[in-house]
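Thank you all for coming. Please look at the sequence and the structure together for a moment before I start, and then I will go through the parts in turn.

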Amino acid sequence: MTDKIIRWGMIGTGNVTELKSAPSFNKIENSRLVAVGNRSYKKAEDYAARHQVPVVHKDPFEVIHDPEVDIVYIATPPGSHMEYALESIKAGKPVYIEKPMARTARECRIKNDAAEKTGVPVYVANYRRGLDYFKKVRSIIENGTLGKILYINLQQYYPAREEDYDRNKLPWRVIPEDAGGGYFHDLGCHALDILFHIFGDPLKVCGLTGNIGGLYEPEDSLSASLVLPGDLLINGSWNFVTAPAFKRDLVEVFGEKGMLSFGIFSFKPIILNTGDHKETIATIQPEHIQLPLITTIVNELNGKGKCPSTGRTAEITSEVMDLIRGITN
């Protein structure tokens, strides 16, 4: 018996779909992108023409109810994730949601509870869980090379973007109604999610926030302490108005026998240092960065394996971000 073709319908045509995600749908065996929709029909039409998508819908909800669509990819800002996800779940169709899954953990729970009641799978684009780079990090941790893990230091420092200075036309990522928060909400979720995947879900969380630059409403500076299983402590700090010369993307894992350092976004070579031996480990990233994770979704829908990034795993990360930011719901 051959596997069925998983037919994707996509809502949204932003930058993330151009190279990172959508081309994967037609490059994975037993997978096809069959329909696209956008609130702007012209954008959907243009995207379909450039990427040879056979069906264009004038209304995103038409994508959900297209009988030729098996699973819906929601590639819009988080502010619209709820309505599209709940409609897809109601229609009995699995959803693949761009990260962050929602504006708050409460919104994640609403979607996940609805999905579990109807038995509809929810997947989230925390695609680092599928990459060889982080699989290598995880294997080094699990094979005991570092011995007992003692401490983790996480630093993500980025300069303000040019568009952050235009108060009359701020990017959606710093508009709470659209994004839920600022750049921490958009970028920090990747770092937290992959660390939880490797080391386990947090047991305690506390955080502090500030708005040093004053360029937009959400916080631009944050620090947090997290306790993971085994009393493992993570100290994290984020700043999104750092001088360009001091941009930093770094995770340092300290163990009894050595340390490991790697990046979240830079994919700089992994460095393993055991004192008397230092090794630099490079991996090649796929052209379409989400392809490995999307492959696990296609396989799961065909009864082969499990996707490691679900609505519930994303909900945990969202809960942590809320706690760091002082949001209770």
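When I speak of helices and strands, I mean DSSP runs, of H or I and at least four residues for a helix, of E and at least two residues for a strand, numbered from the N terminus. In those terms, the protein chain has 11 helices and 14 strands. Please keep in mind that this is a predicted model, in which local features need pLDDT of at least 70 and side-chain atom pairs count only at pLDDT 80 or more, while totals for chains, interfaces and linings use all residues. Residues are numbered from 1 along each chain as its sequence is written, and side-chain values use heavy atoms, with hydrogens and water left out.

Let me begin with the overall form. The radius of gyration, taken over C-alpha atoms, is compared with a globule rule of 2.2 Å times the number of residues to the power 0.38. For the protein chain the radius is 20 Å, close to the 20 Å that the rule gives for 329 residues, so the chain is as compact as a globular protein of that length. Along its principal axes, the C-alpha trace spans about 60 × 55 × 40 Å. I call a residue buried under 20% relative accessible area, exposed over 50% and partly exposed in between, with a 1.4 Å probe and protein chains only; buried residues make up 52% of the 329 in the chain.

Now to the sheets, where two strands pair if DSSP finds at least two bridges between them. One open sheet has 6 strands in the order E3-E2-E1-E4-E5-E6, with parallel pairing. Strand E3 (55-57) and E6 stand at its edges with a single partner strand each, so one side of each is left without a neighbour in the sheet. Strand E2 (residues 31-37) is joined to E3 by 3 bridges, and Gly37 stands opposite His57 in E3.

The other sheet I want to show is also open, with 8 strands in the order E8-E9-E10-E7-E11-E12-E13-E14 and mixed pairing. Its edge strands are E8 (204-210) and E14 (278-281), each of which pairs on one side only. Strand E13 (residues 270-273) pairs with E14 in the antiparallel sense over 4 bridges, and within that pair Leu272 stands opposite Glu279.

Two helices deserve a closer look, and for these, contact means heavy atoms within 4.5 Å, while axes are lines fitted to C-alpha atoms, for helices over the stretch in contact, with angles from 0 to 180 degrees between N-to-C directions. Helix H9 packs on this sheet, touching E7, E9, E10, E11 and E12, and its direction makes about 165° with that of E7. Is H9 covered or open to the outside? It is mostly covered, since 17 of its 17 residues are buried. H9, which covers residues 183-199, is followed by Gly200, whose phi is positive, near 110°.

Helix H11 (residues 311-325) lies across E8, E9 and E10, running at about 50° to E8. Of its 15 residues 11 are buried, so H11 is largely enclosed by the rest of the structure; among the buried ones are Val320, Met321 and Ile324. What covers them includes helix H6 (105-118), strand E6 (122-124), H9, E8, E9 and E10. Just after H11, Gly326 takes a positive phi of about 80°.

How values were computed. Expected span 1.5 Å × (residues − 1).
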